[in-house]
Amino acid sequence: MATSQSSAQVPVTVLTGYLGAGKTTLLNRILSEQHGKKYAVIVNEFGELGVDNDLVVNADEEVFEMNNGCICCTVRGDLIRIIEGLMKRKDKFDGILVETTGLADPGPVAQTFFTDDDVKARTRLDAIVTVVDAKHFLGQLEQGDEAEEQVAFADVVLLNKTDLVSADELKKVEDRIRSINPYARLHRTEKSKIELDAILDKGAFDLNRILEFEPDFLEHGHDHDHEDEVTSLSLVSDRPVDPDKFQKWMGAILQIKGPDIFRSKGILAIDGAPRRYVYQGVHMMMDADWGQPWKEGEPRTSKLVFIGRNLDGENLKRGFQDCLK
Amino acid sequence: MKLDLGNPAWQAELPPQRSIASDAPVAGCAFSHDGTTAAFALGDGCVRLLPADLAAAATPAAPPVHKGAVLALAADPAGDGFVSGGDDGRLLRLGLDGTVSELAEQKGKWIEHIATHKASGALAATAGKMALVVKDGAVREVGPHQSTIAGLDFSKDGGRLACAHYGGVTVWSIGQATLPPRRFAWAGSHVALKWSTDGKFIATGTQENDIHVWRMAQATDMRMQGYPAKVRSLSWSADARWLYTSAQPVFTAWSFAGKGPEGKPPLQFGQEGAGLITVVAAHPAAEFVLGGYDTGEIQLGDIKTRRSVVIRMADSSPITCLAWAPDGFRLAAGNERGDLLVIDLRR
């Protein structure tokens, strides 16, 4: 649609994390900094603390299945409605912060920004920020899938309450986080204290900014592989990619494994193409485009990353190999 | 006096209009039942009134009545003023003389939609998962629904209220509180609702860019697909023969005369706009229809002759609302940028 605002999409930052991890403290920190910016804040009904801001909207987390035959295609109906309502206000704002409940699945929130055309026209998902309670995270992993999936979805992890644990405990928690998601930027914090530029305006879903991604650590410090565990997998090749084969392969993976794949992204050196092909996705939703041209003499390396549950590494490796020239 | 789209003068020049610039998006517009006044719901909390008579001096802007944005507006079914709802959770009755009285306040909720029933003087508004029904000075709540209500409308006789939500539509008997609500299920989220002017059908627009229509008598339903965007605006012709829908570049009408629309394409007519229609409004009595586009263009269509004329040129700001005056000659419109329009179709 040709609207005059389409060039000025409002960035949306999603703050997630288990109960008591420090989301509301982080939210209040963002709002109280003297940044001269105006934020609309969408908080869940069961917020732990009050939020001090002019524009706070209470949301029921209304997760809607799309009636389109796609099993993992769920969206946050309340977000679609609230974003539309916020755009009717005279006061404009520089960003929207969405706080999820402690037990929320970040999937529907992220998918809302892939699925709904009206939301896409007016806003862009900037990043998913997950606050982790250093003291209780390992225990929370035992209580259900939520804590693990919140880390799996994250672009930025705040490992919070580091003052409440020993150096050993901290290392253990950090290793565990990185075994789930080595690609998120990890910051150690106390009382959710963080520089705002570490969490805002990250462009984590911006295809133009997927230039390089490297794991945020060098060694995989996690060696026990439980069933059902969330892990990541990266595939690299210097051989050019056959675009038709790749599309077929990726389409099939997402069709079958979509519900288990939380995040995926990639940079591809397509056979004969002068520019990188970049994509990123959440579950079965995918965004893709041509990126920066390859420079003269630059090694044309393709790189793919999956973060998901029950990833069959061997199978994925073989499948990717078959897409290469 | 007749609207004559075949008149060459109509093709050659735009009808007389008043355009006032406000600096807040327009969420809704309506004419008072006495036809004297157009009102506009604005994103700065104001409800701006303008005289329907283009020769009269413009009414000055009044202070905000809502804190935040006005989200819903309708003619007062029990008087000559208006009723408004805002993101401050307040439902207000606004007199033409500037008086403001509060009908309800729901802290922390948004009042996003209002429906009215003129003959009984009843009005209904959404407040999250509940609907508020205001009649004879009493406020009654119906609900809760499965999700926040995304559209509501009265039946022709005013005895029932239909609410659209995730998973379908719920119809409440508001005359007799003892009757249980009726559920009309269809998976997915429903984002707009209009009850047909003869009371026989309920139509919704869905999150999946379809429309869904239930036949009340048999409780059978039908689904119409093929829209490139969500159908947020639905409007039934006065004789209930046609259901007009937004989200197409030309006027699009489904026939509900005779056996209904099953198995038939919709009737599409008029000049193709550069963008998509965002709002449709059927004429209160005759065979005409208004369409506002996401480009800012407004067209007047005539389903009998299948012609249309442009009555406002595109200007890049999407039309957000359209309303006919009771006389059927004047109309009001608003856009995202904040232009308030009153147009008189008589030459």
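Here is a short chat about how some labels in this predicted model are earned.

User: What are the ground rules for numbering and confidence here?

Analyst: Residues count from 1 along each chain as its sequence is written, while chains are lettered from A and ligands numbered from 1 in the order in which they are written. It's a predicted model, with local features needing pLDDT of at least 70 and side-chain atom pairs pLDDT 80 or more, whereas totals for chains, interfaces and linings use all residues.

User: What makes residues 243-257 of chain A helix 8, and what span is expected at 1.5 Å a residue?

Analyst: Helices are DSSP runs (H or I, at least four residues; strands are E, at least two), numbered from the N terminus. Helix 8 of chain A has 15 residues. The expected span is 1.5 Å times one less than the number of residues. That gives 21 Å, and the helix reaches 20 Å from first C-alpha to last, so the two are close.

User: Which residues of helix 8 of chain A are called buried, and how do you know that they line one face?

Analyst: Buried means 20 or more other C-beta atoms within 10 Å of the residue's own, exposed means 12 or fewer, and partly exposed is in between, with C-beta atoms placed from the backbone. The buried ones are A:Phe246, A:Met250, A:Ile253 and A:Lys257. Down the helix axis they fall within an arc of 60 degrees, so they line one face; the arc is that of the directions from the axis to the C-beta atoms. An α-helix has 3.6 residues a turn, so residues three or four places apart point the same way.

User: What does that buried side of helix 8 of chain A pack against, and what sits on the face turned away?

Analyst: The buried residues pack against strand 11 (261-268) and strand 14 (302-309) of chain A, a contact being C-beta atoms, placed from the backbone, within 7 Å. The face turned away carries exposed residues, including A:Asp244, A:Gln255 and A:Ile256.

User: Why is B:Ser316 called partly exposed?

Analyst: B:Ser316 has 14 C-beta neighbours inside 10 Å, so it falls between the exposed and buried cut-offs. B:Ser316 lies in the loop between strand 28 (307-312) and strand 29 (319-324) of chain B. Its C-alpha is 9.7 Å from that of B:Asn335, 19 residues apart along the chain.

User: How many residues of chain B are in contact with chain A?

Analyst: 31 residues of chain B are in contact with 20 residues of chain A. The chain B side divides into eleven nonpolar, 13 polar and seven charged.

Note on methods
Two residues are in contact if their C-beta atoms, placed from the backbone, lie within 7 Å. Ala, Val, Leu, Ile, Met, Phe, Trp, Tyr, Cys and Pro count as nonpolar, Asp, Glu, Lys and Arg as charged, and the others, Gly among them, as polar.
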